[in-house]
Amino acid sequence: MQVEPQIKFRNMEPSDAVETAIRDKVAKLEKYYDQVVACHVVVEAPHQHQHQGKLYSVHIDITLPQGKVVVSRDPQKDHSHEDVYVAVRDAFDAAYRQLEDYQRRQRGDVKGHSQPK
């Protein structure tokens with residue numbers, strides 16, 4: 001990666017453990033796809049309900065040489081995102097899938113729809 005990953009926390013206290021987990025995930029992303037130029041991760045605890053814990057959302061912006069991959073995992077219906085580590089894991093899993101799709105498009109492996117006659 002050309003730029004150090006940027007990690008921000010909103011509406012919550014910064015956590016060294018969460019930051020370390022995110023840096024590990026970013027390192028795995030780089031091993032999977034070595035053309036990552038920059039990565040910006042925002043972990044946010046936007047909702048504070050009385051009867052349930054905070055539902056964390058994770059947003060990842062990955063800059064690539066010929067484009068950008070943006071992942072946003074909002075926890076509106078997924079109560080497993082009360083655990084920040086689960087929210088981070090789910091967001092990075094989605095990022096891996098989007099990078100796979102990006103690679104397929106770059107290689108031309110994605111078939112186009114045929115035009116009706």
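How far apart, in helical turns, are Glu-19 and Arg-23 in helix H1? Being four residues apart in H1, the two are separated by about one helical turn. Helices here are DSSP runs of H or I with at least four residues, and strands are runs of E with at least two, numbered from the N terminus.

This is a predicted model, in which local features need pLDDT of at least 70 and side-chain atom pairs count only at pLDDT 80 or more, while totals for chains, interfaces and linings use all residues. Residues are numbered from 1 along each chain as its sequence is written, and side-chain values use heavy atoms, with hydrogens and water left out.

**Stop 1: Glu-19, Arg-23 and Glu-4**

Select Glu-19 and Arg-23. Their side chains form a salt bridge at 3.0 Å, N to O; the term means a side-chain nitrogen of Lys or Arg within 4 Å of a carboxyl oxygen of Asp or Glu. Glu-19 has a relative accessible area of 23% and is therefore partly exposed, and so is Arg-23 at 30%. (Buried is under 20% relative accessible area, exposed over 50%, partly exposed in between, with a 1.4 Å probe and protein chains only.)

Now add Glu-4, whose side chain meets that of Arg-23 in a salt bridge, also given as 3.0 Å, N to O. This pair links distant parts of the chain: Glu-4 is in the segment before strand S1 (6–10), and Arg-23, 19 residues apart from it, is in H1. Glu-4 counts as exposed because its relative accessibility is 56%. Glu-4, Glu-19 and Arg-23 are linked in a network of salt bridges.

**Stop 2: H1 against H2**

Select residues 16–32 (H1) and 84–107 (H2); their axes come within 11 Å and cross at roughly 15°. H1 is therefore roughly parallel to H2, as angles under 35 degrees count as roughly parallel. Axes are lines fitted to C-alpha atoms, for helices over the stretch in contact, with angles from 0 to 180 degrees between N-to-C directions.

Next, show the side chains where the helices meet (heavy atoms within 4.5 Å). Among them are Ala-17, Ile-22 and Leu-29 in H1, and Val-88, Phe-92 and Leu-99 in H2. By class, this contact has 14 nonpolar, one polar and four charged residues. Ala, Val, Leu, Ile, Met, Phe, Trp, Tyr, Cys and Pro count as nonpolar, Asp, Glu, Lys and Arg as charged, and the others, Gly among them, as polar.

**Stop 3: Asp-101 and Arg-104**

Stay on H2 and select Asp-101 and Arg-104, three residues apart, about one turn of the helix. Their side chains form a salt bridge at 2.7 Å, N to O. Asp-101 is partly exposed at 35%, as is Arg-104 at 34%. The structure holds five salt bridges.

Note on methods:
Parallel < 35°, antiparallel > 145°, perpendicular 65-115°, else oblique.
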